[in-house]
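User: Please take a close look at the salt bridges of this structure. I would like the residues that form them placed in their structural setting, with the overall form of the chain as background.

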Amino acid sequence: EGDVEVMTMAELEEPNKTYILNRGAYDAHGEEVFPYTPESILIFNDSLPRNRIGLAKWLVDPKNPLTSRVVVNRYWEYIFGRGIVKSVDDFGNQGALPSHPLLLDWLASTFVESGWNTKEMIKLMVMSSTYQQRSNVSEQKRNSDPENIFLARGSRYRMPVEMIRDQALAASGLLNDKIGGPGVRPYQPDNLWGAVTGGGGGPLAKFVQDISADLYRRSVYTFWKRTVPPPSMLTFDAATRDRCVVSRQSTNTPLQALVLMNDPQFMEAARVMAQNILTKGQSIEENIIVAFRKLTGRKPLENEIAMLVEVYNQSIDSFDENPKLITELLNIGDYAIDESLDLPMLAAHTITFSTILNLDETISKE
């Protein structure tokens, strides 16, 4: 591979002057302004250079009361589904007041004292008794605290789309956990790029799907074309990346169910999971227990097993009536089919495991 050029930034020897623009007109200079920071937060130390490195050091100064609070509040929302300050993107006078101000103070000071150790802070949160509570809730508690502001129960919310996809790949054994490297192009509808760009865009005019293990890289490595983002990610409320967002919205739409039931990545994950489990030669009930635990983290109840066995039996009957459906189903995705297995049984297991993959409990943190 040839050398890769990377753009960098450097300070001008003589910085350009900056002015207040009268009525926003770029050529109507008003009063000249100079680099500084809000004194109400922390006075800018005269020993710091008035440039980007000086601003960075001001931001992480242990005396700065804002930065660490904003950061740990975002981590708290990520872990618990709701920030201690609900308006995670607004700590100003238009934002919400903290529900637990002393807790926010303690977390912020602990974070700074740890050397801004993100891993240690996340570990502190998830190992707390508060996080490890059950999400079961009585009707009385639900009515008295519907948003779970006072954390009397475990939080419950739908996982981000990257987690949902990576979990399906990991449970099936497909996940490629290689770290680093260029972006990859997993499955998406044919000619989607061309339909939007009209053939323009140079080397990015046509979507070329990756092959082999690159199809199963973690979702963080999925190539992102801003004019044509990955459709399955947008369906699950991923940000479009044309602007910075602190917190994603979370919706529940029929399109999301269609992705989980039909997207090649999820159907292939269900099929490969079935292949791996079937090689152990257990009963359908035992296979369901293994798959259910892989995807939800718990063993299924007796009535849940019975319902999934019924799904399996109905699938077997459908495939007996129309064998062509077996070939259509098993050929979804690029991963090789294990021809040594009983294919109608493999197809029925695929449908059954896909059903588990579609459970609300599978795609939710609870």
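Analyst:

**Salt bridges in their structural setting**

The chain of this predicted model comprises 15 helices and 4 strands. Its radius of gyration is 26 Å, well over the 21 Å that the globule rule gives for 366 residues, so the chain is more spread out than a compact globule. The C-alpha trace spans about 80 × 60 × 35 Å along its principal axes.

Burial and contacts complete this background. Of the 366 residues, 34% count as buried. The accessible surface amounts to about 22700 Å², and carbon and sulfur atoms contribute 54% of that area. Among contacts with a separation of 6 or more, 57% are made by residues 24 or more positions apart. One pair that is distant in sequence is Val71 and Val246: 175 residues separate them along the chain, while their C-alpha atoms are 11 Å apart in space. Val71 belongs to helix α2 and is partly exposed, because its relative accessible area is 22%, where buried would require under 20%.

As for charge, the chain carries 37 positive and 47 negative side chains, and the centres of the two sets lie 4 Å apart. The structure holds 12 salt bridges; three of them are described here in turn.

The pair Arg52 and Glu11 is one of these salt bridges, with 3.1 Å between the closest N and O atoms. Arg52 lies in helix α1 (residues 52-59) and Glu11 in the segment before β1 (18-21), so this salt bridge ties together parts that are 41 residues apart in sequence. Both ends of the bridge have some access to the surroundings: Arg52 is partly exposed at a relative accessible area of 43%, and Glu11 is likewise partly exposed at 46%.

Another salt bridge joins the side chains of Lys86 and Glu147, at 3.0 Å from N to O. Because Lys86 lies in the loop between α2 (67-80) and α3 (101-113) and Glu147 in the loop between α5 (139-144) and β3 (157-158), the pair ties together parts that are 61 residues apart in sequence. Lys86 counts as partly exposed, with a relative accessibility of 45%, and Glu147 is partly exposed as well, with a relative accessible area of 41%. This pair does not stand alone, for Arg82, Lys86 and Glu147 are linked in a network of salt bridges.

The pair Asp166 and Arg165 has a different setting in terms of burial. The closest N and O atoms of this salt bridge are 3.7 Å apart, and both Asp166 and Arg165 are buried. For Arg165 the relative accessibility is 9%, so the residue counts as buried, the cut-off being under 20%. Arg165 is found in helix α6 (residues 161-172). Leaving aside neighbours within four places in sequence, Arg165 is in contact with Pro186, with Leu215, Tyr216, Arg217, Arg218, Ser219 and Thr222, and with Gln265 and Phe266.

To bring these settings together, Arg52 is partly exposed and so is Lys86, whereas Arg165 is buried. On the acidic side, Glu11 and Glu147 are partly exposed, whereas Asp166 is buried.

Technical notes. Residues are numbered from 1 along each chain as its sequence is written. This is a predicted model: local features need pLDDT of at least 70, side-chain atom pairs count only at pLDDT 80 or more; totals for chains, interfaces and linings use all residues. Side-chain values use heavy atoms; hydrogens and water are left out. Helices (H or I, at least four residues) and strands (E, at least two) are DSSP runs, numbered from the N terminus. The radius of gyration is taken over C-alpha atoms; the globule rule is 2.2 Å times the number of residues to the power 0.38. Buried means under 20% relative accessible area, exposed over 50%, partly exposed in between (1.4 Å probe, protein chains only). Contact means heavy atoms within 4.5 Å. Accessible areas come from the Shrake-Rupley method with a 1.4 Å probe; for residues, only the protein chains shown count as cover. Lys and Arg count as positive and Asp and Glu as negative; His and the chain ends are not counted. The place of a charge is taken as NZ of Lys, CZ of Arg, CG of Asp or CD of Glu. A salt bridge is a side-chain nitrogen of Lys or Arg within 4 Å of a carboxyl oxygen of Asp or Glu.
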